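The following exercises concern one protein structure, and each is accompanied by a worked solution. Please examine the sequence and the structure before attempting them.

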Amino acid sequence: MSRSAHPAGPRHGDVLPEAHATTPPADLNALDARVWSRTATRTADGALAVGGLDVRTLADEYGTPAYLLDEEDFRARCRAWRTAFGPGADVFYAGKAFLCRAVVRWLTEEGLNLDVCSGGELATALSGGMPAARIAMHGNNKSRAELAKAVTSGVGRIVVDSFQEIERLAGIAAEHGVRQKVQIRATVGVEAHTHEFIATAHEDQKFGFSLTGGDAAEAVRAVLKHPESLELIGVHSHIGSQIFDMSGFEVSARRVVGLLADIRDEHGVELPEIDLGGGLGIAYTPEDDPREPHEIAKALAEIVGRECEAANLAVPRLSVEPGRAIVGPTAFTLYEVGTVKQLDGIRTYVSVDGGMSDNIRTALYDADYSVVLAGRASAAEPMLARVVGKHCESGDIVVRDAFLPSDLAPGDLLAVPATGAYCRSMASNYNQVPRPPVVAVKDGQARVLVRRETEEDLLRLDVG
Ligand SMILES: *Cc1c(COP(=O)(O)O)cnc(C)c1O
């Protein structure tokens, strides 16, 4: 198996993931609060319920597989981030983690801003009612059409990523008589992943302007050459994903603030904003131990305050961009078991009715998930199993090693928690499998946010 991949994304280091648990949990029916959304519970007769609704009812009504999203949990996480960072900072939800119009509405109501990185995400954001001024646009290769749409919609900021783009955007803004606010994406030479980070990562990546190579300083000059059409408001950095250790932010903040000091020295201006990106980790399994938003906010404020004091700069307005940390824990995927195959002395394969088309992360990053029997409780002995999908690919694994009750049988419902981020948004139609719906649950009510695809949907694109 490839170890060059990682749950957080590709990385340069070749560090083996921690060993998978080989002892079964004390109670197979338990719902660990670290990986389940806050309203998840067991009913009196042992089934999983969320938002006050029994998964058996939800499966009957909406079918499987389905993503079930706990709206109360989503809103509570938004509020926790908003409150932790306070009025002096901005929280941008990273739309790529999962975006639909209902989510945009919730974000708008809860006081968050929104990151988009494509025309489609921008269209969803605007259609969902997010005020354009609260939208930031990212991406290393935004098209002319995407830039023009962003400029004419009035998005609050565009994070510029290349010299070509600076000129392209300056031209488009001038054409439309707009003075567009921009941030410069700096590559700070920090690569943060989960429990370790590399402060001297080489800068071989497609995003941003290198700090050490002087490109970032050159990008500042390039933007400042267009005072009529571009307004430079700050510097942006994003160092990785599924980060638990704040020390990567310490180094990136120091380097970003260093650039602000250089800009002041060279151009006599103090930029008013910095953005330290997203990438904060969540618990995919009970072994993960993420920081709470208030701890993250406190740590970042201290780091930025200290660096600014050392550089003799006024503290700029801070923004952060959590995606996974907000939506990841809010949803689980509900599957139905189709087959249980015992290979004597080798392994037990449990096949479910979805797989890599609704969750590519295990195949792509070797990601770890957990799973529980959802339609009932069981007192049977634990068995170690591999939960796999229905696709024509042996890497089509949902949960690599899972303890499930040994009386598991076809027709049982399984639930895989922490699938809110980068599952529906990365879903595919591999094997012409229609993508599952996203159903929001709250206070005993369920509402389809994104409906299930049908075979007609698939055929509609096929013009014959
Ligand atoms: C992906 C990304 C994020 C969000 O990352 P999460 O791991 O979901 O928090 C934030 N900012 C930028 C620029 C990104 O590319």
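**Exercise 1.** Determine how S20 and strand S21 (residues 397–405) pair, and describe the surroundings of S20.

*Solution.* Step 1: S20 and S21 pair in the antiparallel sense over six bridges. Strands here are DSSP runs of E with at least two residues, helices are runs of H or I with at least four residues, and both are numbered from the N terminus. Two strands count as paired if DSSP finds at least two bridges between them. Step 2: within this pairing, Val388 has Ile397 in S21 as its bridge partner.

Step 3: S20 also runs parallel to strand S18 (residues 347–352), joined by four bridges. Here Thr348 stands opposite Ala385 in S20. Step 4: five of the seven residues of S20 (residues 382–388) are buried, so the strand is mostly covered. Buried means under 20% relative accessible area, exposed over 50%, and partly exposed in between, with a 1.4 Å probe and protein chains only.

The model is predicted: local features need pLDDT of at least 70, side-chain atom pairs count only at pLDDT 80 or more, and totals for chains, interfaces and linings use all residues. Residues are numbered from 1 along each chain as its sequence is written, and side-chain values use heavy atoms, with hydrogens and water left out.

**Exercise 2.** State which feature UniProt places at residues 333–420, and characterise this span.

*Solution.* Step 1: an unreviewed UniProt entry gives "domain: Orn/DAP/Arg decarboxylase 2 C-terminal" for these residues. UniProt positions follow the numbering used here, feature names are shortened, and annotations may be inferred rather than shown by experiment. Step 2: the span is 6% helix and 45% strand, and its end C-alpha atoms lie 8 Å apart.

**Exercise 3.** Locate Lys96 and list its contacts outside its neighbours within four places in sequence.

*Solution.* Step 1: Lys96 is found in the loop between S5 and helix H3 (101–109). Step 2: the unreviewed UniProt entry marks Lys96 as "modified residue: N6-(pyridoxal phosphate)lysine". Step 3: Lys96 counts as partly exposed because its relative accessibility is 38%. Step 4: with those neighbours left aside, Lys96 is in contact (heavy atoms within 4.5 Å) with Cys117, Glu121, Tyr422 and Ser425.

Step 5: strand S5 (residues 89–94) pairs in the parallel sense with strand S16 (residues 317–320) over three bridges, and Val91 stands opposite Val320 in S16.

**Exercise 4.** Which residues carry the UniProt feature "binding site", and how are they spread?

*Solution.* Step 1: the unreviewed entry lists Arg324, Arg361, Tyr365, Glu393 and Tyr422. Step 2: these residues are spread over 99 residues of sequence and also in space, up to 26.8 Å between C-alpha atoms. Step 3: Arg361 is in helix H11 (residues 361–365), as is Tyr365. Step 4: Arg361 counts as buried because its relative accessible area is 0%; Tyr365 is likewise buried, at 15%.

**Exercise 5.** Describe the charge environment and polar contact of Asp161.

*Solution.* Step 1: Asp161 lies in the loop between strand S8 (157–160) and helix H6 (163–175). Step 2: Asp161 is buried yet has no salt bridge (a side-chain nitrogen of Lys or Arg within 4 Å of a carboxyl oxygen of Asp or Glu). The nearest side chain of opposite charge, Arg185, is 4.7 Å away; Lys and Arg count as positive and Asp and Glu as negative, while His and the chain ends are not counted. Step 3: the Asp161 side chain reaches the backbone nitrogen of Gly208 at 3.1 Å. A polar contact is a pair of N or O atoms within 3.5 Å; within protein, one must be able to donate a hydrogen and the other to accept it, and residues adjacent in sequence count only if both atoms are side-chain atoms.
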